[in-house]
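Got your viewer open? Load the model and follow along, one selection at a time.

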Amino acid sequence: MAKRLDVKDLNIYYGKFHAVNEVTLSVPPRSITAFIGPSGCGKSTVLRTLNRMHEEIPGARVEGQVLLDGEDIYGRGISPVSVRTTIGMVFQRPNPFPTMSIRDNVVAGLKLQGVRNKAELDEVTERSLRGANLWEEVKDRLKKPGGGLSGGQQQRLCIARAIAVSPDVLLMDEPCSALDPISTLAIEDLMGELKKEYTIVIVTHNMQQAARVSDQTAFFNLSGVGKPGELVEIDDTEKMFSNPTKKQTDDYISGRFG
Ligand SMILES: Nc1ncnc2c1ncn2[C@@H]1O[C@H](COP(=O)(O)OP(=O)(O)OP(=O)(O)O)[C@@H](O)[C@H]1O
């Protein structure tokens with residue numbers, strides 16, 4: 001079930017380095033929000049803190065709140081593992097378990113949760129692969145290794161794996177940057193379908209992609225070398241690309257820097 005994300009006064013640090021300053025934004029359910037901005041402005045850093053993935057990086061820490069339908073994912077007694085089930089992530093490079101079968105890749109998360117019932121695992125496999133628009137291509141080779149698929153198919157397999165555990169939110173960190181244009185379009189189409197059921201946040205370097213797929217766009221920037229990244233502006237994608245409020249956004253979008 002899609003849920004709303006509210007980020008409040010988020011500051012992110014890598015050790016002593018203040019990487020991101022005071023980000024406040026909201027992501028409505030059943031919509032796609034794109035994070036854009038020049039390299040190093042903190043897009044991926046912010047994305048990782050939306051499901052506590054940054055906790056895998058030694059020294060990384062956050063101040064502030066990330067609320068999922070009003071509940072702080074950093075709240076007392078909430079485990080990062082449960083947060084990552086509810087808020088799934090798809091990475092830049094497709095990362096299926098290469099020697100594991102296609103089916104086992106899809107249900108890896110469910111098996112970790114202790115689900116053993118074959119009929120249930122089969123049902124989730126089909127539903128998730130259909131959801132990721134991959135079923136027709138792989139239904140006759142579910143026992144073959146995930147590593148044998150093309151890059152675009154592997155990325156859709158990773159999306160199937162992410163949706164198999166029924167998340168509320170999907171985070172995507174440049175999910176098409178390692179893919180060819182045809183596979184990119186397939187993933188973009190798929191995002192359009194997925195947003196009917198999920199809340200989606202995507203980091204992208206490709207502004208045409210942000211304009212094509214997202215409902216709202218957040219522009220991040222750096223005020224100088226060594227300074228933390230900041231959210232400059234977030235608004236409806238159409239407005240951001242036609243008539244942004246801030247000059248910085250206009251300069252970036254019209255290619256005057258970055
Ligand atoms: N694991 C890390 N350890 C230390 N510093 C990091 C780490 N990851 C990112 N940073 C720093 O945090 C800042 C923001 O990086 P981040 O990767 O979030 O930017 P980005 O906007 O996603 O960049 P890009 O578009 O190049 O991927 C940069 O100064 C970067 O060097």
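Before you click anything, a word on labels: helices (H or I, at least four residues) and strands (E, at least two) are DSSP runs, numbered from the N terminus. Residue numbers start from 1 along each chain as its sequence is written. Keep in mind that this is a predicted model, where local features need pLDDT of at least 70, side-chain atom pairs count only at pLDDT 80 or more, and totals for chains, interfaces and linings use all residues.

Start with the whole chain in cartoon: you'll find 11 helices and 10 strands. Its radius of gyration (taken over C-alpha atoms) is 18 Å, close to the 18 Å that the globule rule gives for 258 residues, so the chain is as compact as a globular protein of that length. That rule is 2.2 Å times the number of residues to the power 0.38. Along the principal axes, the C-alpha atoms fill a box of roughly 55 × 45 × 30 Å.

Next, colour by burial. A residue is buried if 20 or more other C-beta atoms lie within 10 Å of its own, exposed if 12 or fewer, and partly exposed in between, with C-beta atoms placed from the backbone. Buried residues make up 44% of the 258.

Now select strand β2, residues 17-27, and stop at E22. Its phi is near 45 degrees, positive in a residue other than glycine. E22 counts as partly exposed because it has 13 C-beta neighbours inside 10 Å.

Last stop: the loop between β4 (60-68) and β5 (71-72), home of D69. D69 isn't a glycine either, yet has a positive phi of about 45 degrees. With 13 C-beta neighbours inside 10 Å, D69 is partly exposed.
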